[in-house]
Amino acid sequence: TPGGTGSLGMVSDFPILSGLALFLIYLNPTGIVEPHTHPNAAELNYVINGKVRFTVFGPSGEVETSEIGKGQVFFVPSGYFYYLENPDNMSAGTVASFFNNENPEFIGIVGGLSSYSDEVLGSVFNKEPNSFSTLPRQIKDIFIASGT
């Protein structure tokens, strides 16, 4: 996408990854990995180059946002909702994400919200259902988006 690219390494491609998976994310300037969760896998992220800002939402309502650079890591426990972005509008960044499951599930906010009716969203967010009638509906997750 205009926001960047991603490549997944799984046991089907690399048998040595039994029980593990690797995702290499290249984020263009202002690229964003959409808010998502991995219900079956914890994730350790290593910044190869550039910088990344991440926000993690914990199950008790806690929120952590940090910006890290080349050679630094951040961890996301299984089931936590989070996203990451390249805050730089001039330079790209690369992140390697390591999962403790050889088939990590991905549940993104775009596909997730699109699957609910206006009535359900209205009830969850305490809004009138017609507030969501103009919400663009996507059949699948966007995964990497452009921040511009």
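Which residues are linked in a network of salt bridges? I went looking for that in this model, which is a predicted one.

**Entry 1, the count.** I searched the whole structure and got three salt bridges. The network takes in Lys51, Arg53, Glu67 and Glu85, so I went through the pairs one by one, noting that a salt bridge here needs nitrogen and carboxyl oxygen within 4 Å.

**Entry 2, lysine 51 with glutamate 67.** I get 4.0 Å from N to O for this salt bridge. Lysine 51 sits in strand β5 (residues 51–57) and glutamate 67 in strand β6 (residues 63–69), so I'm looking at a link between distant parts of the chain, 16 residues apart. I looked up exposure too: lysine 51 is partly exposed at 34% relative accessible area, and glutamate 67 is also partly exposed, at 41%.

**Entry 3, arginine 53 with glutamate 67.** Glutamate 67 turns up again, now in a salt bridge to arginine 53, with the closest N and O atoms 3.1 Å apart. Strands β5 and β6 are joined by this pair as well, its residues lying 14 apart in the chain. For arginine 53 I noted a relative accessible area of 28%, which is partly exposed.

**Entry 4, arginine 53 with glutamate 85.** Arginine 53 has a salt bridge to glutamate 85 too, at 3.6 Å from N to O. Here strand β5 is linked to strand β8 (residues 81–85), and the two residues are 32 apart. Is glutamate 85 buried or exposed? I put glutamate 85 down as buried because its relative accessible area is 15%, and the cut-off for buried is under 20%.

Note on methods
Residues are numbered from 1 along each chain as its sequence is written. This is a predicted model: local features need pLDDT of at least 70, side-chain atom pairs count only at pLDDT 80 or more; totals for chains, interfaces and linings use all residues. Side-chain values use heavy atoms; hydrogens and water are left out. A salt bridge is a side-chain nitrogen of Lys or Arg within 4 Å of a carboxyl oxygen of Asp or Glu. Helices (H or I, at least four residues) and strands (E, at least two) are DSSP runs, numbered from the N terminus. Buried means under 20% relative accessible area, exposed over 50%, partly exposed in between (1.4 Å probe, protein chains only).
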